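The exercises below ask the reader to work through one structure step by step, and each task is followed by a worked solution. Please keep the sequence and the coordinates in view while reading.

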Amino acid sequence: MDILRTENMTKRFGGVVANNDLSIGIPEGEITALIGPNGSGKTTFINVVTGVHPITSGKVYFKDQDITGMEVNRISRLGIARTFQKIRLFENLSVIENVLVARKSFYKSGPLSVVLGTPSFRKEEKENKEKAMELLKLVGLEDNAYDSPKGMAYGLRRCLEIARALALEPQLIFLDEPAAGMTRDEFKVIMNLMMILKEKGITTLLVEHTMDFIKAVADWVYVLNFGQIIAKGTFDVIEKDPLVLKAYLGED
Ligand SMILES: Nc1ncnc2c1ncn2[C@@H]1O[C@H](COP(=O)(O)OP(=O)(O)O)[C@@H](O)[C@H]1O
Ligand SMILES: [Mg+2]
């Protein structure tokens, strides 16, 4: 079953058709990769599906619920999380605080009990801290919990971004170029993390350029070029597709 699907989704920015008639299914519990040259519409796909940009035409369904045009926060509360191509962290908060802030929508205590520090709030805070620590452990940042993210290595900052997305306890996560600019070793951390997410039953849509990475983790691949799907299938199938080779090599 597809946890998310788009039907004839089109997104225009003025005269630019960034997504052109996309009908994409993301199978539940698996890793789907969305690849394509720069400017082919990958980030736009994520932005439209998660409600950041309004759709021009078409439909988006999450677990058969029509979420077309729904507001960003409502979509994230349904269980869809994402990371950004450009890392967004709170630089003045510690690593663990960055994760805790992301969990703030889980707080049940009202503002008054927060101010008064009531026992129910303190209990809740303790649980959130444990959960945040668990996530930091998952992404390999447990020893950095009380550090500032400012001076941290790029790969670790990426991992923190992913932990923040996971703090929402999503069923579906969009990772926009999580391994961009990473070293080979950092790569392995992300790959490993993706396999752990899969074991936990979380569905991933991965936007990535590195073919070795996609080959290693993706169950399914969609290839975009100029906003359109030019191929879909397993990596082994799309890698030999003449349209895909042409799009990447830029031959005529
Ligand atoms: N907010 C925006 N405003 C105007 N044009 C945009 C915007 N976002 C993306 N585009 C355009 O849409 C096309 C697809 O961009 P994008 O989705 O970022 O591609 P990719 O992530 O595959 O590199 C590009 O031509 C880009 O310039
Ligand atoms: Mg992009």
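**Exercise 1. Identify the residues that coordinate the magnesium ion (ligand 2), and place them along the chain.**

Step 1. In this predicted model, the magnesium ion (ligand 2) is coordinated by OG1 of Thr43 and OE1 of Gln85, at 2.0 to 2.4 Å.

Step 2. Thr43 belongs to helix H1, whereas Gln85 sits in the loop between strand S7 (80–82) and H3, so that the pair, 42 residues apart, links distant parts of the chain.

Step 3. Buried is under 20% relative accessible area and exposed is over 50%. Thr43, at 25%, therefore counts as partly exposed, and Gln85, at 36%, counts as partly exposed as well.

**Exercise 2. Determine whether helix H1 is mostly covered or mostly open, and list its buried residues.**

Step 1. Helix H1 spans residues 42–49, and seven of its eight residues are buried, which makes the helix mostly covered.

Step 2. The buried residues are Lys42, Thr44, Phe45, Ile46, Asn47, Val48 and Val49. Thr43, one of the magnesium donors, is partly exposed at 25% relative accessibility.

Step 3. Just after H1, the backbone at Gly51 adopts a positive phi of about 85°.

**Exercise 3. Describe the largest nonpolar core and the elements that contribute to it.**

Step 1. As background, nonpolar side chains in soluble globular proteins tend to be buried together.

Step 2. The largest nonpolar core holds 36 residues, and those touching the most other members are Val99, Leu136, Leu141, Leu160, Ile173, Met194 and Phe213.

Step 3. Two or more residues each come from helix H3 (95–102), helix H5 (119–138), helix H6 (154–166), strand S8 (172–176), helix H7 (184–199) and helix H8 (211–217).

Step 4. Taking Ile173 as an example, and leaving aside residues up to four places away in sequence, its contacts are Ala81, Ala165, Leu166, Leu197, Ile202, Thr203, Thr204 and Leu205.

Step 5. A second core, separate from this one, has 23 residues, among them Ile26, Val48, Phe62 and Ile80; Val48 is also one of the buried residues of H1.

**Exercise 4. Trace the salt bridges of Arg5, and state which parts of the chain its pairing with Asp64 ties together.**

Step 1. Side chains of opposite charge can pair when their charged atoms come close.

Step 2. Arg5 forms a salt bridge with Glu7 at 2.8 Å, N to O, and another with Asp64 at 3.3 Å, N to O.

Step 3. Arg5 lies in strand S1 (residues 2–13) and Asp64 in the loop between strand S5 (57–62) and strand S6 (65–66), so this pair ties together parts that are 59 residues apart in sequence.

Step 4. Arg5 is partly exposed at 25% relative accessibility and Glu7 is partly exposed at 32%, whereas Asp64, at 53%, counts as exposed.

**Exercise 5. Place further salt bridges in the overall count.**

Step 1. The count comes to 14 salt bridges, including the one in which Asp66 and Lys59 meet at 3.3 Å, N to O.

Step 2. Both partners are partly exposed, Asp66 at 32% relative accessibility and Lys59 at 35%.

Step 3. Arg103, Lys131, Glu134 and Glu169 are joined into one network by salt bridges that share partners.

**Exercise 6. Locate the nonpolar surface patch that contains Tyr248.**

Step 1. Leu245, Tyr248 and Leu249 make a nonpolar surface patch of about 270 Å².

Step 2. Tyr248 is part of helix H10 (residues 242–249), and its relative accessibility of 31% makes it partly exposed.

Methods:
Residues numbered from 1 in each chain as written. Chains lettered and ligands numbered in written order. Predicted model: local features only at pLDDT ≥ 70, side-chain atom pairs only at ≥ 80, totals over all residues. Heavy atoms only, no water. Core = buried A, V, L, I, M, F, W, Y, C linked by side-chain atoms within 4.5 Å. Buried < 20%, exposed > 50% of the residue type's maximum accessible area, 1.4 Å probe, protein only. Helix = DSSP H or I, 4+ residues; strand = E, 2+ residues; numbered from the N terminus. Contact = heavy atoms within 4.5 Å. Patch = residues over 30% accessible without salt bridge, like charges linked within 9 Å, V, L, I, M, F, W, Y side chains within 5 Å. Areas by Shrake-Rupley, 256 points an atom, 1.4 Å probe, with all protein chains shown as cover. Salt bridge = Lys/Arg side-chain N within 4 Å of Asp/Glu carboxyl O. Donors = N, O, S within 2.8 Å, 3.2 Å for Na, K, Ca; no water.
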